[in-house]
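Biologist: Could you take me through the side-chain contacts in this one, slowly and with the cut-offs spelled out? I'd like one connected story rather than a table.

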Amino acid sequence: MAQFTVNPRRFDPYKNFKFRVKWDGRYVAGISKVGALKRSTEVVEHREGGDPSTSRKSPGRTKYEAITLERGVTHDLEFEQWANKVWNFGAGPGAELSLADFRKDIIIDLFNEAGQKVISYNVFRCWVSEYQALPDLDANANAVAIQTLKLENEGWERDIAVTEPSEPSFTFPPG
């Protein structure tokens, strides 16, 4: 059975290194890592008094795990500005939280090796529960300074309007 309907010669699944994250209608610069989209549903066990010593199982509440975004420290303020909407230190009583807009819907787009958008997910009602402005600093290290946002969310769904594109093919001129 073909895993790719438009490109039946493709056998390789998509890679995890070409992606972009969008909020407020624009892509956010420099994001180098996005945590997994994960949901889990609790199991409700029950049995009737006359049943044998085995339980029946049915689905209970579903929860969506937080998503972590990472990027190198730069002068771009997107992470910090969103985090400040949840808690703005020193803003004074009544102004610590931006109730009107601390939640945002985000879009996570995955691209194939040719740069074509192949899968997109909409993540709903996200807000920043953790913000790491700077990592541990170490004079003996040789690494990029990474800042992190942890986004709580109330669910996600695949954008079914984004479908498998026809992958490009090249022919070279005679040489």
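Modeller: Sure, I'll go through the rings, then the charges, then the pocket and two backbone oddities.

Ground rules before that. This is a predicted model, where local features need pLDDT of at least 70 and side-chain atom pairs count only at pLDDT 80 or more, while totals for chains, interfaces and linings use all residues. Residues are numbered from 1 along each chain as its sequence is written, and side-chain values use heavy atoms, with hydrogens and water left out.

Rings, then. A pair of aromatic rings is described by the distance of the centres and the angle of the planes. Here, rings of Phe, Tyr and Trp (its six-membered ring) pair if their centres lie within 6.5 Å; planes under 30 degrees apart are called stacked, over 60 edge-to-face, and the rest tilted. By that rule there are 6 aromatic pairs in the structure. Take Trp23 and Phe79: their rings make a tilted pair, with 6.2 Å centre to centre and 35° between the planes. That pair links distant parts of the chain, as Trp23 is in strand E1 (residues 19-23) and Phe79 in helix H1 (residues 78-86), 56 residues apart. The element names come from DSSP runs, helices being H or I with at least four residues and strands E with at least two, numbered from the N terminus. Trp23 and Phe79 are both buried, which here is under 20% relative accessible area, with exposed over 50% and partly exposed in between (1.4 Å probe, protein chains only).

Next, look at Phe102 and Trp127, whose pair is edge-to-face, at 6.4 Å centre to centre and 70° between the planes. Phe102 comes from the loop between H1 and strand E7 (104-111) and Trp127 from strand E8 (residues 117-132), so this contact too links distant parts of the chain, 25 residues apart. Its two ends sit in unlike surroundings: Phe102 is buried, at 11% relative accessible area, whereas Trp127 is partly exposed at 27%.

Back at the other end, ring pairs join Trp23, Phe79 and Trp82 into a cluster. Trp82 also has a charge over its face, with Lys104 at 5.5 Å from the ring centre. The test for that is NZ of Lys or CZ of Arg within 6 Å of the ring centre and within 35 degrees of the ring normal. Arg10 does likewise with Phe4, lying over its face at 5.3 Å from the ring centre.

Arg10 brings us to the charges. Side chains of opposite charge can pair when their charged atoms come close. The structure holds 12 salt bridges, each being a side-chain nitrogen of Lys or Arg within 4 Å of a carboxyl oxygen of Asp or Glu. In one of them Glu113 meets Arg10, the closest N and O atoms being 3.1 Å apart. This pair spans 103 residues, from the segment before E1, which holds Arg10, to the loop between E7 and E8, which holds Glu113. Arg10 is buried at 13% relative accessible area, but Glu113 is partly exposed at 37%.

Asp101 and Lys85 form another bridge, with the closest N and O atoms 2.8 Å apart. Lys85 lies in helix H1 and Asp101 in the loop between H1 and E7, so the bridge ties together parts 16 residues apart in sequence. Asp101, at 31%, counts as partly exposed, and so does Lys85, at 22%.

Then there's Glu154 with Arg125, at 2.7 Å, N to O. Glu154 is in the loop between strand E9 (146-152) and strand E10 (156-158) and Arg125 is in strand E8, so parts 29 residues apart in sequence are tied together. Glu154 is partly exposed at 40% relative accessible area, as is Arg125 at 37%. Shared partners also join Arg10, Lys15, Glu113 and Glu167 into one salt-bridge network.

Arg125 has a backbone quirk as well: its phi is near 50°, positive in a residue other than glycine. Asp24 shows a positive phi too, near 55°, and is found in the loop between E1 and strand E2 (26-27). Asp24 is partly exposed, with a relative accessible area of 45%.

Last, the empty space. The largest pocket has a volume of about 360 Å³. A pocket is an open set of points on a 1 Å grid over the protein atoms alone, where a 1.4 Å probe fits, with protein on both sides within 12 Å along at least five of seven lines (a cavity is a set the probe cannot get out of); lining residues have an atom within 4 Å of a point. Points are joined across faces, edges and corners, and the volume is the space filled by probe spheres set on them. Of the 16 lining residues, the closest to the centre are Phe19, Val34, Gly35, Ile108 and Leu110. Strand E3 (31-34), E7 and E8 are the elements that each give two or more residues to this lining.
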